There are 2 protein chains.
Amino acid sequence: MADLSDQDLRIIRTAPMFSALSDEAIRSLAAHCLKIMLHPQEAIFRPDEEANDFFVILRGHVRVYKLSPEGNQQVLHLFGPGQTVAEAAAMKMQDYPAHAEAVDAVTLLAIDKATFDAAVRENVDMVAGLVTGLSDKLKELAGLAEQLALRKVPARLANALLQEMTAAASLTFTLSMAKKDIAEQIGTTPETLSRTLRSFQDDGVIDVQGRTITVLNVDVLNALATGQA
Amino acid sequence: MADLSDQDLRIIRTAPMFSALSDEAIRSLAAHCLKIMLHPQEAIFRPDEEANDFFVILRGHVRVYKLSPEGNQQVLHLFGPGQTVAEAAAMKMQDYPAHAEAVDAVTLLAIDKATFDAAVRENVDMVAGLVTGLSDKLKELAGLAEQLALRKVPARLANALLQEMTAAASLTFTLSMAKKDIAEQIGTTPETLSRTLRSFQDDGVIDVQGRTITVLNVDVLNALATGQA
DNA sequence: CGCGTCGTTGACGACCATCAAGGTATGTGG
DNA sequence: CCACATACCTTGATGGTCGTCAACGACGCG
């Protein structure tokens, strides 16, 4: 039931599992799917729901996170257009393992397990892409666990800054989200983030002007990120 | 080149990706594989090696871990007989994402990417199992990240104790490994582990006699594990 | 019996979350 | 256009958690 624009098609084909499919194959798959629009902060799924569908992001960003009993959250993934969410849970028909919510205005394609299974049976080459996607997520989570266990806040922050820097392809860039969200993502608090940013600035590694960061010394920042400082 | 006993077959079929295969299919796959025996502590792979093979554990236990620049390690997975190691990395032909080593005396079946690909092409039903295995690992890592970020040491230890308890199916059990290894697995030090165990004991939740633990109050232990205490 | 690994305990300090308060920015309605 | 509300950010003070260092006792094994 979902109409797809040409741009939608291009975005969907960004996902490894769909990259090998023809336009017609994607369109016929989408014919059985729902297009969902969400407002910022709107919930997509919760850990106690059964995973009947998984999602392809057409527009916006999705945050996948765990919640502690005290209400703290830890972001596991941050997904953007062309990425798939919860395909592993859906394939196994278990409960979703975490929370997911829209970060900004989001459009999703919701694919239910049955129609996806049918699509896989007709296009066996999707499997390689599916595995690739899962493998990427495994690697990401392994890196996250490493960071949380073995790196202190300065190293995690340095990492995040380097990521933003390379994403912007410039030594000066504007943070892609509010500082409080960055704090959350690297597993700390806004207060500690603020202090750590200031200490970087005092050390002459970066310059902070509100949401705009300029990296003054990439080498030191790299050293911080890998823990050699 | 690897001869498989009937017991080997039974163990291999424990892995979700092999569960649907016939004896002959497994034997013909194994004909192109190597059986590897390892001593305790012996390395299996390192993060800078190219992942040409992945492994099925026939005997013993394998620890997969990340290493910090300071030499601390964080265990990501602990695998036993019938589990597969590094299949995601091997399928994508990238570098291994972590270290792996034998915990005790280990026997592995090493499967290289090419022969596995061939096997998958002949037995498409393996795919579902492959995905199941990856999905399980994703869930495990997500849980680990949650614990590291959001739970304090007592909660993580309570969790570990509950796991050992249910594995033993008895309120009294002997730890499956040295305490220092448990400390490592839950991301802390032997000293802190020792103190936390003592505090549990002082609170009357468990009794500790060397490596033997008796759970005196399951409810409180559960509360500790979920963070409600 | 001696040695090495493991486990425990104590003292200490680093790191970081929390609480509280004030400052800044941004958008909204009058 | 200004006043105000509401977020977001910063800064300081404080305390808890946990890692580190050091010393010692307990095992297990050759």
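In this predicted model, a backbone N or O atom of Val153(A) sits 2.9 Å from a phosphate oxygen of DNA strand C. Side chains reach phosphates of this strand as well. In Thr192(A), a side-chain N or O atom is 2.7 Å from a phosphate oxygen of DNA strand C, and for the side chain of Arg211(B) the corresponding distance to a phosphate oxygen of that strand is 3.4 Å. The elements that each supply two or more residues to the surface near DNA strand C are α6 (153–168) and α8 of chain A, joined by α7 (179–185) and α8 of chain B. With four residues, α8(B) contributes the most to this surface.

A wider view of DNA strand C takes in 18 residues around it, of which Thr188(A), Thr192(A), Lys179(B), Lys180(B) and Arg198(B) come nearest. Sorted by class, the surface near DNA strand C holds nine charged, six polar and three nonpolar residues. Which parts of the strand lie within 4 Å of the protein? Sugar or phosphate accounts for 71% of the atoms of DNA strand C in that range, and bases account for the rest.

The account now turns to DNA strand D. This strand is surrounded by 18 residues, and the closest are Lys179(A), Arg198(A), Val153(B), Thr188(B) and Thr192(B). Two of these have a side chain whose contact with a phosphate can be described in detail: a polar side-chain atom of Lys179(A) is 2.8 Å from a phosphate oxygen of DNA strand D, while an N or O atom in the side chain of Thr188(B) is 2.6 Å from a phosphate oxygen of the strand. A base is reached too, with a polar side-chain atom of Arg195(A) lying 2.9 Å from a base nitrogen of DNA strand D. Two or more residues apiece come to the surface near DNA strand D from α7 (179–185) and α8 (190–202) of chain A, and likewise from α6 (153–168) and α8 (190–202) of chain B. Here the largest share, four residues, belongs to α8(A). Nine charged, six polar and three nonpolar residues make up the surface near DNA strand D. Of the atoms of this strand within 4 Å of the protein, 67% are part of sugar or phosphate, and the rest are part of bases.

Two residues of chain A can be followed individually. Thr196(A) is found in helix α8 of chain A. Is Thr196(A) buried or exposed? Its relative accessibility is 8%, so Thr196(A) counts as buried. Apart from neighbours within four places in sequence, Thr196(A) is in contact with Val153(A), Pro154(A) and Leu157(A). Ala178(A), by comparison, occupies the loop between β9 (172–174) and α7 of chain A. Because its relative accessibility is 23%, Ala178(A) counts as partly exposed. Although Ala178(A) and Arg211(A) are 33 residues apart along the chain, their C-alpha atoms are separated by 7.8 Å.

A pair of helices in chain B completes the picture. Two packed helices are described by the angle between their axes and the distance between the axes. The axes of α4 (residues 113–122) and α5 (residues 126–150) of chain B come within 8 Å and cross at roughly 125°. That angle makes α4(B) oblique to α5(B). Where the helices meet, Phe116(B), Ala119(B) and Val120(B) of α4(B) face Met126(B), Val127(B) and Leu130(B) of α5(B) in contact. By class, the residues of this contact are six nonpolar, no polar and no charged.

Conventions
Residues numbered from 1 in each chain as written. Chains lettered and ligands numbered in written order. Predicted model: local features only at pLDDT ≥ 70, side-chain atom pairs only at ≥ 80, totals over all residues. Heavy atoms only, no water. Near = heavy atom within 4 Å. Polar contact = N/O pair within 3.5 Å; in protein donor to acceptor, adjacent residues only side chain to side chain. Nonpolar A, V, L, I, M, F, W, Y, C, P; charged D, E, K, R; others polar. Axes fitted to C-alpha atoms, helices over the stretch in contact; angles between N-to-C directions. Parallel < 35°, antiparallel > 145°, perpendicular 65-115°, else oblique. Contact = heavy atoms within 4.5 Å. Buried < 20%, exposed > 50% of the residue type's maximum accessible area, 1.4 Å probe, protein only.
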